[in-house]
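Me: I would like a close look at one part of this model. Please keep it brisk.

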Amino acid sequence: MVFILGNNFLENRLLRHCLETFYGIGTKHSTRILAKFSIYPGARVGQLPTKTINEITAELSTMTIETDLRRKMRDNIQRLRDMGSYRGRRHAMGLPVRGQRTRSQILTARKLNKIERHG
Amino acid sequence: MATNCIRCLARPSLPPSFLVNASSSLRIQSLPSTASMGKRYASKLNRPTTNGPRKNEKVKGQKTLRIKKKPPPKTGKPPQPGERKAMRKRIVLSNTNALEVPGMRELDKGLVGEWEMGIRDARRQAEEGHWVLEGALGMVAKEGAKEGEAKNGEGVIGQVVALQGQTVDSLRAVEAFKTTQGWGFFRRPGLLIREESVMLSRKLIQAEQGNLRLVIDGERGTGKSLLLLHAMATAFVRGWIVINIPEAQEVTNAMNDYAPLPNTNPTLFTQPTYTATLLSRINKANPILADMEISLTHSLPIPIQSNISLSRLCELGARDPDVAWPIFQAFWAELMAEGMPPVLLSLDGLSNIMRESMYLAPDTSKVHAHDLALIDHFVNYLSGKRRLENGGAVLAAASRSHAPTSKSMELVLKQLVELQKGEEEITEKDPFEKSYDDRVEWALGVGSEKATKAGPVEVLKLKGLSKKEARGLMEYWAKSGVLRKKVDEKEVAEKWALAGNGVVAEIERGALRMRI
Amino acid sequence: MPPRLNIFGVSRSLAIRPRPSIASHQSRILPVVSQRGFADEKDPNLSKGPNEAGLGHVSEEAADLGRVMGETQPDLGQGTPVQDILKRDEEGRDKAPAVIKEEIDSIKADAAESTSFANLLALGQIENIATGGHGTDPVNVDTVGHKYGLPELPLPKNSNLKYRYDPIVSQVTNLLMKDGKLGVAQRNMSFILNHLRTAPPPVPNPARPLVPGSPAPNHLPLDPIGYLTVAIDSVAPLLRIRSQRGAAGGGAALQIPVPLGLRQRRRQAVQWILDAANKKKSRGSGRNQFALRFADELINVVEGKSSVWEKRQVVHKTGTSARANLSYRPGGRR
């Protein structure tokens with residue numbers, strides 16, 4: 001098991017996939033992090049020396065990910081709501097925010113758009 | 001008409017008219033289950049389940065198709081990780097069913113010596129004005145050739161010669177044999193000697209006093225990789241040290257770890273694991289390394305004794321990928337020291353290193369293949385920037401199957417072939433093409449002011465076999481019992497013509513793989 | 001209402017024409033020799049008098065002369081070309097038209113290059129001597145003058161582009177084919193044959209005798225097509241069981257053995273081998289695994305280990321026990 005930023009990962013997992021489990025890190029950021037530390041895309045977590053793992057953890061801790069990113073997003077929505085804007089209202093009602101039609105297919109908006117948004 | 005219940009095949013208790021309506025309007029699912037189903041089924045549904053709710057069981061009365069899947073019976077133990085790949089990559093060099101071909105010559109010191117004699121003869125006769133010297137090498141007897149041509153090892157052209165056991169082991173260690181080549185058909189590995197192979201061998205022999213930089217090019221299936229193998233075999237017979245990169249794409253396709261090399265500008269990238277395996281291959285393939293001792297002093301990250309053999313040095317590098325690159329450099333420095341044997345540096349799949357690699361630099365830009373330390377090393381010698389001090393050759397074979405295109409490489413090779421032929425009009429750069437690469441031109445020794453003094457590389461453009469060579473090959477197949485046909489002029493001509501004027505892989509496909 | 005009659009119109013329709021508008025096809029002048037009437041004799045020569053018969057043509061004349069002089073006579077079945085006559089007739093040669101004169105000259109010039117039978121024979125003899133034989137050795141005139149000789153006639157039945165492979169190979173290839181992908185099937189077939197070639201020779205089981213006349217097992221690998229044929233033919237059933245519904249009385253099916261042709265038998269065998277091969281598990285990875293399993297099954301068949309043999313036995317047993325039903329005809333028992 002390898003410990004990255006408070007999470008445990010199996011040793012035979014690809015580092016790329018491990019990084020992408022964090023909220024706020026997708027293909028782009030994982031590729032960038034791998035390139036920064038000169039790790040090839042097929043690298044598995046178990047292969048890396050502890051030093052590199054620590055460096056990666058340090059890199060991740062400087063980024064706005066996970067709770068920080070979530071809080072930031074909630075703050076943004078709360079700001080919209082507080083100023084009483086249309087977008088804030090739509091968020092609160094769980095409806096599409098950006099002018100989409102609502103006759104059908106607003107499942108994503110229903111799922112996600114809340115004041116206390118999770119994902 | 002569905003007059004039976006779909007599930008229990010029982011007849012319905014409702015009046016037929018109702019059922020007709022229900023089923024025709026496809027509303028049968030919304031009917032109360034006890035009404036539409038037979039009594040037997042209803043009672044079954046009401047029975048309380050003892051095992052608790054099953055996963056598949058949904059809302060009461062909802063129709064789902066439940067098929068229990070039987071797990072497939074387990075037979076034998078599953079293959080170990082990597083076992084199946086090993087089987088796929090396995091190279092079989094012998095077929096005990098095939099017949100032994102009597103009277104096969106071996107590619108040994110004697111035969112190579114004959115080729116060497118040929119060079120001397122050609123030189124002498126060229127001075128006398130009997131033979132025509134071709135290029136820088138006096139070797140090809142043109143019109144007016146005298147008798148005694150066969151003496152110089154040219155009589156073996158069109159014959160298949162066997163490889164010696166020691167050579168086979170070495171070739172296997174440098175991974176010169178490939179799975180796509182039909183080694184498994186014959187009793188022992190053999191090589192067809194064609195005109196180009198004699199030519200190349202002679203160039204190699206001459207390169208012991210100089211340097212040979214050569215690119216083998218040709219259409220798909222014309223035997224580029226096998227000619228490279230022939231060169232390696234000749235080198236092993238001559239006692240050279242052979243360093244081979246069997247698949248250039250393995251170096252550049254980002255399947256191995258890499259690390260920036262400090263204090264280099266532009267930054268080079270080493271590949272520790274690949275270098276380590278390369279060192280172990282070199283060690284296995286060149287048994288003469290065991291007799292050579294370190295003569296220089298090196299500053300290495302690990303302490304080494306001052307009198308260990310080169311073989312031991314390679315072993316140390318192969319064991320620890322972290323120090324593999326410094327040890328490779330130290331090993332190379334030893335090879336370049338005085339009194340060492342010539343070196344053959346070879347690489348298959350040239351176009352893979354004539355482009356950007358799949359590795360990413362820290363700023364997420366792509367690393368050019370020439371910025372990989374190993375390739376940089378190779379390219380320095382291919383371009384002529386650095387010289388092999390004790391003589392030797394740098395060979396690269398282009399690949400025409402599953403190979404990326406490199407516009408610059410195509411263009412340069414085309415131009416060089418045209419120059420060799422002495423054509424008046426040389427192909428020029430396409431002014432609208434944007435993907436030309438100066439570094440590629442430099443690597444092949446041509447291009448702008450950056451080009452090296454050594455001049456462009458030589459290009460050996462392979463074509464199909466001659467009919468004589470094709471006949472020799474087919475006779476060998478027939479003698480091995482693999483080709484069950486009379487090999488006569490007609491048969492040879494037919495196969496030769498159908499194979500695009502003697503493209504050797506096509507002859508093999510037509511004779512051995514398709515029409516057996 | 002009666003049609004209106006126009007009296008003046010009648011006169012207009014009666015045109016008076018002094019000359020026929022279309023010229024007659026027949027010549028106005030009667031032929032000198034009158035044509036034969038229906039009642040005349042069929043042989044026109046009969047009308048000839050004794051002096052009317054003229055001289056025959058040149059060849060006939062020459063033939064007559066030859067008969068008299070006891071020389072060879074020209075063949076009257078063929079006409080004699082003018083050139084031949086001129087050969088004998090020097091006076092005529094001088095007076096011959098210019099076209100014929102030129103022709104005669106060109107023939108003389110070509111004489112050296114023209115190939116006659118004798119010429120070919122002589123060439124062949126020279127060839128014999130050149131290859132170290134004797135001039136009197138028999139000469140095969142067919143090969144002389146042809147780069148690769150003439151094909152042997154009659155041409156074999158399958159000497160055709162479409163029949164490129166051995167019949168059994170093409171049949172099995174087609175049976176291996178899935179989704180119409182012939183190329184993949186051919187690649188598999190090639191792999192199978194090459195696997196048979198490189199696998200160790202089979203050890204046949206005496207309890208499962210191979211097809212009579214099959215070569216020794218250690219000769220099989222070098223003849224992969226023979227190997228394939230032996231494997232398939234050994235296990236091919238001789239018959240199939242046809243179930244005739246309701247024929248046995250009381251709705252029961254009557255089992256009737258039906259003999260199979262060669263291709264049908266082979267097809268059945270390949271289907272069984274395919275079933276067995278599909279049940280096997282691949283040991284390696286890559287795209288040749290199916291072909292490998294099929295080839296292994298073929299080897300198992302020859303070694304008598306395959307389950308296909310049981311299938312064959314079952315069919316044969318049923319056929320034997322049902323042979324009484326052979327006389328069944330759909331119209332009723334006879």
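In what order do the 5 strands of the open sheet in chain B stand, and is the pairing parallel or antiparallel?

Reply: This is a predicted model. The order in chain B is β4-β7-β10-β3-β11, and the pairing is parallel. The sheet is open. Its edges are β4 (241-245) and β11 (458-462) of chain B. Each has a single partner strand, so one side of each is left without a neighbour in the sheet. From one strand to the next, the twist averages 15°.

Take the β4 edge. Strand β4(B) is joined to β7 (residues 343-348) of chain B by 5 bridges, and the two run parallel. One residue pair shows the register: B:Ile243 has B:Leu345 in β7(B) as its bridge partner.

Now the nonpolar packing. The largest nonpolar core holds 133 residues. Those that touch the most other members are B:Ile216, B:Met232, B:Val242, B:Leu344, B:Leu350 and B:Leu395. Helix α8 (residues 224-237) of chain B gives this core its largest share, 10 residues.

B:Met232 links the helix to the sheet. Leaving out residues up to four places away in sequence, B:Met232 touches B:Val242, B:Asn244, B:Leu344 and B:Ser346. B:Leu171, B:Val174 and B:Ala176 complete its contacts. Of these, B:Val242 and B:Leu344 are also among the core residues that touch the most other members.

Another core lies apart from this one. It has 31 residues, including C:Leu210, C:Val235, C:Ala269 and C:Ile299.

Key:
Residues are numbered from 1 along each chain as its sequence is written. Chains are lettered from A and ligands numbered from 1 in the order in which they are written. This is a predicted model: local features need pLDDT of at least 70, side-chain atom pairs count only at pLDDT 80 or more; totals for chains, interfaces and linings use all residues. Two strands pair if DSSP finds at least two bridges between them. Helices (H or I, at least four residues) and strands (E, at least two) are DSSP runs, numbered from the N terminus. Axes are lines fitted to C-alpha atoms, for helices over the stretch in contact, and angles run from 0 to 180 degrees between N-to-C directions. A nonpolar core is a set of buried Ala, Val, Leu, Ile, Met, Phe, Trp, Tyr and Cys residues joined through C-beta atoms within 7 Å. A residue is buried if 20 or more other C-beta atoms lie within 10 Å of its own, exposed if 12 or fewer, and partly exposed in between; C-beta atoms are placed from the backbone. Two residues are in contact if their C-beta atoms, placed from the backbone, lie within 7 Å.
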